[in-house]
Amino acid sequence: MTNRPDTNLDPRKAVGTTGHDWDGIEELNTPLPRWWLWTFYATILWALAYWVVYPAIPLATSFTKGMFGWTSREQVVQDLDGLKTLRGPMTAKIEAASLQDIAKTPELLSFARAQGAAAFAVNCSPCHGAGAQGFKGYPNLNDDDWLWGGSLDAIHTTLQHGIRWDADKDTRASMMPAFGRDGILKPNEISAVADYVRTLSALPVEKDADLKLGQKVFTENCAACHGEKGEGIQDVGAPKLNDKVWLYGPEKVTIMERITLGGGGQMPAWSQRLDSPTIKSLAVYVHTLGGGQ
Amino acid sequence: MSVTSSFDPHLDEPEAPLYAARKKIYPQGVSGIFRRTKTVLLIITLSIYYFLPFIRWDRGPNAPNQAILIDIPHRRAYFFFIEIWPQEVYYLTGLLILAAMALFLMNAMAGRVWCGYLCPQTVWTDLFLAVERLIEGDRRTRINRDAEPMNIEKFSYKLLKHALWLLIAWWTGGVWVLYFADAPTLVRDLIWFEAGPVAYISIMTLTFTTYVFAGLMREQVCLYMCPWPRIQAAMTDEYALNVTYRVDRGEPRMSFKKATQARLVGEPAGDCIDCQQCVAVCPTGVDIRHGADLGCIQCGLCIDACDEVMEKIGRPTRLIAYDTEVNIKRRKDGLQEIFRPIRPRTVLYIAIIIAVSVVMLYALLTRAPFTVSVIHDRNPIFVKLSDGHIRNAYTVRIANMLPTERLFTLEVDGLHDAHVEIIGGEPLIKGRPSISVGPDQTREMRVTVRAIDEDEDEPAHLEFIIRDEVDGTTAVARDYFRTPHSVH
């Protein structure tokens, strides 16, 4: 290397110093390694090219668009279109098949479960929980207790039209009166019927519970929707009261609260937001969580 | 054993620069037993590399028929009768241990014999040197031509040489990708430009590295990039055969004429006539007469060169020879030469090679024809049903490693009156849920287990027993059944 300093010489003479002097300590002006310098120049060139090729400089109301007008938003749209194309054949099959056929065909089932799980995580888990385990007032979708029916078709209808969702005229609708708030029942009647409801699923009640009154109130006010023995009626979304699964909880105070306030939960009509194959996949996914009927 | 470098005599001096430019090496052609050995090994190893992907191996209708294939898209590796799934990549660990031990054993027997004869860097460099010699002529011609200013003749020689090098490099990269796809199909696709971009990128990358490593960098790869010389220097011992200049015979070196006169008057005269042939033929530019050297790859070409000279001047051959440190010392002391191939380290290496081979062979012969794994649902951990029963859900994955579709049944052991269901499964067989898994495939399924809530504080231990109903073989995976009381 002829242009390298000969370090056999005094290095101060060979490369010189920066001219700085701190209490007699001088700084050698050693040149940068060449590979480092060339890499540095290359990065500068790269940056200049980047400025030209990609959008870079903000202007007053706009920005430089780059040579090809590339935008990250456009890129996302392309990526999504690519995914749509990739899934196209399977999506078409899901669209064409009946729900029962999807559940029976391994290839369609595994695709629908995967697509359903993804759609569930985005759209359903805020209310029903990440594992569809439900919360107070939001049904657990893993169990075998269904408010509006647990068959593939029933789940599919619920998903399409929602529950008590006024924007959809086919929505599932029913309303439990606010027996307490609207003064339909007196406080002692609410207490008695709450005790009676607990006995339907063999839960213990206090000794002084007036079960006779409770039964009378139940027969007159509740049985029409919830059934004579509290067996529930899915056509009107009236929950079973004689099983071990509770939407809000089995405690007496919780039952009294529901009788007092009435009402019912809401669910959006997903056909307004999701396409048909996705809703079908969701129906199959929910059905295969374990509770499907 | 001392290791010195002959590349820069100034290195030991305190004022020496830290950088030394490469001195271009012009290895001279040579003939002899070691050159012939190298040539034969070069032909064998390159033939294996270039033709192996084309060997066929029948595995039945559902598997590829290429003897050696690493099928990355389908996550399979095939080696003749062996088929490896990704989760069995530990076989690779075994192979690496075997390779390392074989290398260590070679080192204990004959130093860097791997470097000299078998290492791909050596083999391809040797091939590229042969091309260089064919086009540009031998050492002297090449040195003279390089000293000339550029002219048409020089340019044409260089152009032809580099074109041939690139052709070989391209061919090398081209064969590499054949190990990763069906070779005949890929060759056709490559010719018609229908192969995937990965294939072309791989070929270009390997063309580039082969051309640079074997054509331009050569011995610098061994000297500056390869870790093995350093490790080898630390691992070798005085009993290992190394290419050695027999200093006891060679010194004091002097010209042939002077040596003849000295011998006439009974003065000491070495056999070395300082003809520099050993340096001229060395592919890494080493002067072996300085002693053991980091740059020496033990190829023995200097032995061939020296023997030729010794024959010409009528002195005994093997002034440079494969020799051991021990024997140099023993000859000095007037003792008999000894050769000890059986030493603690060679015995140990061989023992490890045998042990690892036996373990691998056992693992291969007893390889399960299918495996099962179970993952418990994390959320919810259990589900309470309307009748008070508890249900747990699991993801069960069966890997069918045979090339035929098979029907499996599932039995869950460890719970009283457990009701087991495979969601999307096939009809019951002998009261057990069943599922079929395609040839050489995995299938994932959702399994639910329902049982009475036993109020137990400890979760029940479950065994998921998967049985092939045709041949009766089973595979077992374990998990738990959890209830509201046993969620820890």
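**Helix exposure, domain contacts and core**

Colleague: How many of the 20 residues of α2(A) are buried?
Modeller: A residue is buried if 20 or more other C-beta atoms, placed from the backbone, lie within 10 Å of its own, exposed if 12 or fewer, and partly exposed in between. Helices are DSSP runs of H or I with at least four residues, and strands are runs of E with at least two, numbered from the N terminus. α2(A) lies largely in the open, because the number of its 20 residues that are buried is 0.

Colleague: What pLDDT do local features need in this predicted model?
Modeller: Residues are numbered from 1 along each chain as its sequence is written, while chains are lettered from A and ligands numbered from 1 in the order in which they are written. This is a predicted model, where totals for chains, interfaces and linings use all residues, side-chain atom pairs count only at pLDDT 80 or more, and local features need pLDDT of at least 70.

Colleague: How far apart are the end C-alpha atoms of helix α2 of chain A?
Modeller: The expected span is 1.5 Å times one less than the number of residues. For the 20 residues of this helix (34–53) of chain A that gives 28 Å, and the end C-alpha atoms agree, being apart by 28 Å.

Colleague: Which helix gives the most to the side of domain 1 of chain B that touches domain 2 of chain B?
Modeller: The domain assignment, automatic or from a database, gives chain B domain 1 (33–88 + 119–227), domain 2 (242–332) and domain 3 (370–481). Contact means C-beta atoms, placed from the backbone, within 7 Å, and 11 residues from domain 1 of chain B meet 11 residues from domain 2 of chain B. On the domain 1 side, α1 (33–51), α4 (120–136) and α9 (219–225) of chain B each supply at least two residues. With 4 residues, the most comes from α1(B).

Colleague: What distance separates the centres of domain 1 of chain A and domain 2 of chain A?
Modeller: In chain A, domain 1 is 89–174 + 264–293 and domain 2 is 176–261. Taken over C-alpha atoms, their centres are separated by 29 Å.

Colleague: How many residues has the largest nonpolar core?
Modeller: Such a core is a set of buried Ala, Val, Leu, Ile, Met, Phe, Trp, Tyr and Cys residues joined through C-beta atoms within 7 Å. Those with the most contacts inside the largest one include B:Val281 and B:Leu301, and its residue count is 45.

Conventions. Two residues are in contact if their C-beta atoms, placed from the backbone, lie within 7 Å.
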